[in-house]
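Q: I have a structure in front of me and do not know how to read it. Could we go through some features one at a time?

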Amino acid sequence: MSMFCYQCQETAKGTGCTIKGVCGKTSDVANLQDLLMFVLKGISIYSTEARKLGYEDREINKFIFDGLFTTITNANFDRQVFVNRVRKGLELRKRIKNKLLELGGKLPVTSHESATWFADDEAAFEEKSTSVGVLSTKNEDIRSLREMITYGLKGLAAYTEHAFNLDQENPELYNFMQRALAATTDDSLSADDLVALTLETGKYGVEGMALLDKANTTRYGNPEITKVNIGVGKNPGILISGHDLRDMEDLLKQTEGTGIDVYTHSEMLPANYYPAFKKYKHFVGNYGSSWWKQKEEFETFNGPVLFTTNCIVPPSKNATYTHRIFTTGAAGYPGSKHIPDRINGGMKDFSEIIEMAKTCKPPVEIEKGEIIGGFAHNQVIQLADKIVDAVKSGAIRKFFVMAGCDGRFKERAYYTEFAEKLPKDTVILTAGCAKYRYNKLPLGDINGIPRVLDAGQCNDSYSLAVIALKLKEVFELNDINELPIAYNIAWYEQKAVIVLLALLYLGVKNIHLGPTLPGFLSPNVAKVLVEKFGIAGIKTVDEDMKLFLN
Ligand code: SF4
Ligand code: SF4
């Protein structure tokens, strides 16, 4: 075994990648990510103590959420990024430890090596990195809970960073992230303590998504019902993927009047729903579909591609687009140009991407037509009367939350079949990449309400929760679980973990999670989730359909 990672749904054999990631992550990068996590925990042990004395280090706050984000599945494959971050992290740990002493604080009583290990040469990093990973927690239930919390924190960190880029911060999130990271090193915490911390992670997940919702809507307006063009124009284009709307804004501004068109890919599709972006005439629409289709779709796109977050699929050796890949923010790929962060609130400089686009051919048309989206909470609440009437009259029998992720594995055809087989008096509520499994199907509408209501990115699952809470109020119910809503959610990576924990915190029960349950759940932890929250996996479409509709 040269590495161990089981943080995503595609983990090898459902139990763990041990030689190389199914995602393409090499063992040295996986181990360096483990080492970075170890160092982040060490910093957090001290910063949590310093915060009790009223001291806050803004550089550490950013370093922690940014570091967590870089270790998310498919975000950053660049070994040197992790070496640099470990080195910087050790400096920051020393600084916060000295500050704690200077403030008259006591050094925390911890036996955890992350608070004390030090190395000043890179060779020692490699050696150390193989011994500090997930399996260094021996008890499988404690390991399972610690990792579930950690993966939730990674997802939370991603949303926090996007909000931060839009000048929205909540110090409570930083406080919690660091306190929880430190807690994952604390051997005195029992499994029950960690279950409670897992739910608390969900609480902060709700706050993180609410913060990002505020950040996005304050700056770009509320998403509105939009027909998104999926065909192409005649100009060369730039394709932008990921979640970062500030990068989208900078790119649209810098490409205006250049003769270059802008298209979204995959996770960035919901940018089409925001009023502030719709005004740009050269913002043509969305090209292609889900993140895992990028090997084919980037070939035919012909122009440069900008990753503002995950998911990056490593290009094949004979790919013709490798030199057209650019990354920014937490994303990184060895050999690809990384666009640096903005300085003092200015714009990022995308001029190199624009110059490259001018030399490229226009995209090849791979499909034509439109898809519809923009059903975030503000828009849906405006339609509330219509929706409530449809429910009361029986025109809508049930809602199905089919939010979450998409992925490469053929088992996910389940979600297409499920959407196709749903009775015509049901409506799908979605957010995230899972929508690509059914958002181009002719599923029709109910009294003018489309049968697929897409709220946006996975963080917009917050919108789905707001909508559910609004319906609970309108129907005067005591419990969110009394609503005619079933949850059949697909997961892939750690942002989906924080969404799941947020739903559990909100009291949502009986969520079905697929295509497989997380490999990081030990049998005992899985049992707790089943008994306390009614979490279940999926079976065949027909079996599940029967269960949900009864
Ligand atoms: S992120 Fe997923 S696919 Fe990649 S190494 Fe980890 S478990 Fe394997
Ligand atoms: S929906 Fe899932 S796969 Fe898509 S960006 Fe969110 S967490 Fe990642």
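A: We can start with burial. The model is predicted. Relative accessibility under 20% counts as buried, so Lys25, at 7%, counts as buried. Lys25 lies in the segment before helix 1 (27-52).

Q: Which residues does Lys25 touch, not counting residues up to four places away in sequence?

A: They are Met3, Cys5, Gln7, Lys20, Ala30, Gln33 and Phe77. A separation along the chain can also be set beside a distance in space. Lys25 and Met545 are 520 residues apart along the chain, and their C-alpha atoms are separated by 37 Å.

Q: Is Val541 buried or exposed?

A: Val541 has a relative accessible area of 4%, and is therefore buried. Its place is in helix 18 (residues 541-549). Leaving aside neighbours within four places in sequence, Val541 is in contact with Tyr414, Glu417, Phe418 and Lys421. The C-alpha atoms of Val541 and Tyr415 are separated by 8.2 Å, with the two positions 126 residues apart along the chain.

Q: And Asp385: buried or exposed?

A: The cut-off for exposed is over 50%. Asp385 has a relative accessible area of 62%, so it is exposed. This residue is found in helix 13 (residues 384-392). From C-alpha to C-alpha, Asp385 and Tyr487 are 23 Å apart in space, and they are 102 residues apart in sequence.

Q: How do I read the way two helices pack?

A: Look at the angle between their axes, the distance between those axes, and the residues that meet. The axes of helix 3 (residues 79-102) and helix 4 (residues 122-129) come within 11 Å and cross at roughly 95°. Angles of 65 to 115 degrees count as roughly perpendicular, so helix 3 is roughly perpendicular to helix 4.

Q: Which residues of helix 3 and helix 4 meet?

A: Helix 3 brings Arg79, Gln80, Val83, Val86, Arg87 and Leu90, which meet Glu122, Phe125 and Glu126 in helix 4. By class, the residues of this contact divide into four nonpolar, one polar and four charged.

Q: At what angle do helix 5 and helix 17 pack?

A: Helix 5 (residues 140-165) and helix 17 (residues 523-533) pack at about 60°, and their axes are 8 Å apart. The two helices are therefore oblique to each other. On the side of helix 5 the contact is made by Glu140, Asp141, Ser144, Leu145 and Met148, and on the side of helix 17 by Pro523, Asn524, Val525 and Leu529. These residues comprise five nonpolar, two polar and two charged.

Q: What should I look for in the backbone itself?

A: Two things to check are the omega angle of a peptide bond and the sign of phi. A cis peptide bond joins Asn310 and Cys311, with omega about 20°. Cys311 lies in the loop between strand 5 (305-307) and strand 6 (325-328). Another cis peptide bond joins Gly514 and Pro515, where omega is about 0°. Pro515 is in the loop between strand 15 (512-514) and helix 17.

Q: Which residue in the loop between helix 16 (494-505) and strand 15 should I look at for phi?

A: Look at Asn510. Its phi is near 60°, a positive value in a residue other than glycine. Asn510 has a relative accessible area of 46%, so it is partly exposed. Glu476 is not a glycine either, and has a positive phi of about 50°. Glu476 sits in the loop between helix 15 (461-474) and strand 14 (485-490). At 70% relative accessibility, Glu476 counts as exposed.

Q: How is the chain divided into domains?

A: There is domain 1 (12-218), domain 2 (226-358) and domain 3 (377-549). For a pair of domains, one can ask how far apart their centres are and how many residues enter the contact. The C-alpha centres of domain 2 and domain 3 lie 29 Å apart. Their contact takes 19 residues from domain 2 and 18 residues from domain 3.

Q: Where does ligand 2 lie?

A: To place a ligand, list the residues around it and see which domains they belong to. Ligand 2 is surrounded by His243, Glu267, Trp291, Gly404, Cys405, Gly432, Cys433, Cys458, Tyr492, Glu493, Lys495 and Ala496. Domain 2 and domain 3 both give residues to this shell, so ligand 2 lies between them. By class, the shell has six nonpolar, three polar and three charged residues.

Methods:
Residues are numbered from 1 along each chain as its sequence is written. Chains are lettered from A and ligands numbered from 1 in the order in which they are written. This is a predicted model: local features need pLDDT of at least 70, side-chain atom pairs count only at pLDDT 80 or more; totals for chains, interfaces and linings use all residues. Side-chain values use heavy atoms; hydrogens and water are left out. Axes are lines fitted to C-alpha atoms, for helices over the stretch in contact, and angles run from 0 to 180 degrees between N-to-C directions. Helices (H or I, at least four residues) and strands (E, at least two) are DSSP runs, numbered from the N terminus. Angles under 35 degrees count as roughly parallel, over 145 as roughly antiparallel, 65 to 115 as roughly perpendicular and the rest as oblique. Contact means heavy atoms within 4.5 Å. Ala, Val, Leu, Ile, Met, Phe, Trp, Tyr, Cys and Pro count as nonpolar, Asp, Glu, Lys and Arg as charged, and the others, Gly among them, as polar. Buried means under 20% relative accessible area, exposed over 50%, partly exposed in between (1.4 Å probe, protein chains only). A residue is near a molecule or strand if one of its heavy atoms lies within 4 Å of it. Domain bounds come from an automatic or database domain assignment.
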